[in-house]
Amino acid sequence: MIEIKNIAKTFGDRQVLAGIDGSFKPGDTSLIIGGSGTGKSVLLKCMIGLIKPDSGEVLYDGRDFLTTDLNEQKTIRREMGVLFQGSALFDSKTVLENVRFPLDMLTEQPESEKIERAQECLRRVGLENAGDRMPSEISGGMKKRVGIARAIVLNPKYLFCDEPNSGLDPLTSIKIDQLISEITDEYQITTVVITHDMNSMLEIGEKIMFLYEGNKLWEGTSATLTHSGVNELNEFINANKLIREMEK
Amino acid sequence: MSRLGSYFIFLGTLFRNREKLRVYLGLILNECTSIGVGSIFIVALVNTFIGAVTCVQTAYNLTNPFVPKNIIALIVRDSSILELAPTLSCIVLAGKVGSNIASELGTMRITEQIDALEVMGINSSSYLVLPKVIASVFMFPLLVIMAGFLSILGGYLAGTLAGVISPEEYVSGLRVDYKPFGVVFALIKTVVFAFLISTISAYRGYNVQGGALEVGAASTAAVTNSCVAIVAADFILTQLLLT
């Protein structure tokens, strides 16, 4: 379980996050939604330690990530898997080397076990035949799947995905969403997804948090998304023609 | 001043919280190939011609019949060992290796590859930069030894082929008043230059914020800052070691 308490962040004189609270349960795919520039990615980066918030707590199963010592922080980091917006695959390594990289760096497993585990993860995301290819030789959707394989290779307890559908066609987007949801369910991972994709919200949004100008304005599920009573959220989701027609 | 402070803090992160030694060995070998072997051609070419030009220009300016011709070789030798091979080679390497380091790290930064290392709990600066620094400090002196030899050889070929000096005069000139400390001085300078080029370029690339435009700007800044650092360090080291 991940809990965030009163996370605030200011860049210069602009407040990006104004005290966000929330909790994310194991086995749930939780979404953080909102328009561009509302602080979603900053919140995610605060949660995974890439940005230090001005105030607040991030608790991983009760362990305060921000104030704990370096060794404990390392332990928590090794329980995380992160899928970045641009996949962040290492250009100089093959797909298989990318997936086994965390195993090489962070474990003492024998070579054969590492290869077996990396191939198992590639199989799980449907890319068992792409191991020898370079990241520049595969499509955007495949890169996302390799990113997911790398994120789950260490059996993480917490999975973070930053806009997993950006730049993908609707069909591939749904496949990626379903893959994230299945993996979350299968391994009982606490998954947090940043998105502004309506399909994702309706497809995998077991819990949804809506951010607006650095504040959390609403929290609920995909079932209650369209009748939240929050004007800003209604405006946000009604920007999608499909939703407007569904409501009619 | 704040940038200078941030540079020194960056240097500190290279040596703190490092990964296991075995992780670095493979990376250092790869960097030695990329930085060292990959630079042989350009360093050889530049220094051969610089030696040749030094020889011909010295001969052109040496009009006094009472000055023996073998002095041309002595000037080529000392210029090559003391200044041309270490300093000029390192300025060439700042352009080739420095810009490569800055753009590689800058691209990794803007494509979140460095963030990916950080969230895995890996010290990204140490993992990415330390092998480049070690490889530079190890390979640059080897390149400069080759550069000095080729510069003197270039002088010999140009001088003898152009007929400004005979082979015997050139070889005897090389042996006149030779001070072995010159080679030590050149290698000390090269090690300092290698450290400056690799760390300044890495600092510029590692701290890129923005997109492709900023990566280009970081690459340019890496080369210009390295060149300024080289000439400043050159003057200081010359003052300290040769006076």
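1. **Annotated domain.** UniProt, in an unreviewed entry, places the feature "domain: ABC transporter" at residues 2-238 of chain A. Keep in mind that this is a predicted model. Over residues 2-238 of chain A, helix accounts for 38% and strand for 26%. The C-alpha atoms at the two ends of that stretch are 30 Å apart.

2. **Domain split.** The domain assignment is not the UniProt range. Chain A is divided into domain 1 (2-79 + 158-247) and domain 2 (93-155). Domain 1 of chain A is thus written as two segments. The C-alpha centres of domain 1 and domain 2 of chain A lie 25 Å apart.

3. **Where the domains of chain A meet.** Here 11 residues of domain 1 are in contact with 11 residues of domain 2. On the domain 1 side, helix H6 (residues 170-187) of chain A gives the most, with 6 residues. By class, that side of domain 1 has 8 nonpolar, 2 polar and 1 charged residues.

4. **The antiparallel sheet.** In chain A, 4 strands form an open sheet in the order S2-S1-S4-S5, with antiparallel pairing. Which strands stand at the edges? They are strand S2 (14-24) and strand S5 (63-64) of chain A. Each has a single partner strand, so one side of each is left without a neighbour in the sheet.

5. **Inside that sheet.** Strand S1 (residues 2-11) and strand S4 (residues 55-60) of chain A pair in the antiparallel sense over 5 bridges. For A:Ala8, the bridge partner in S4(A) is A:Ser55. Helix H1 (residues 40-48) of chain A lies across S1, S2 and S4 of chain A. The helix runs at about 120 degrees to S1(A).

6. **The mixed sheet.** Chain A also has an open sheet of 6 strands, in the order S6-S7-S8-S3-S9-S10. Its pairing is mixed. S6 and strand S10 (215-220) of chain A are the edge strands, and each pairs on one side only. On average, neighbouring strands of this sheet are turned by 15 degrees against each other, direction ignored.

7. **Pairing at the S6 edge.** S6(A) pairs with strand S7 (residues 158-162) of chain A in the parallel sense, over 4 bridges. To find the register, look at A:Gly81. This residue stands opposite A:Leu159 in S7(A).

8. **Contact between the chains.** How many residues does each chain bring to the contact? Chain A brings 14 residues and chain B brings 12 residues. On the chain A side, the elements that give two or more residues are helix H2 (70-77), strand S6 (80-83) and helix H3 (95-106). H3(A) gives the most to this side, with 3 residues. The residues of this side divide into 10 nonpolar, 1 polar and 3 charged. Strand S6 of chain A therefore turns up twice in this note: as a sheet edge and as a contributor to the chain B contact.

9. **One residue to check in chain B.** B:Val231 is found in helix H9 (residues 212-242) of chain B. Is B:Val231 buried or exposed? B:Val231 is exposed, because it has 12 other C-beta atoms within 10 Å and the cut-off for exposed is 12 or fewer. B:Val97 lies 134 residues from B:Val231 along the chain, and their C-alpha atoms are separated by 17 Å.

Technical notes. Residues numbered from 1 in each chain as written. Chains lettered and ligands numbered in written order. Predicted model: local features only at pLDDT ≥ 70, side-chain atom pairs only at ≥ 80, totals over all residues. Contact = placed C-beta atoms within 7 Å. Nonpolar A, V, L, I, M, F, W, Y, C, P; charged D, E, K, R; others polar. UniProt positions renumbered as here; feature names shortened; annotations may be inferred. Domains from an automatic or database assignment. Pairing = 2+ DSSP bridges. Axes fitted to C-alpha atoms, helices over the stretch in contact; angles between N-to-C directions. Buried ≥ 20, exposed ≤ 12 C-beta atoms within 10 Å, placed from the backbone.
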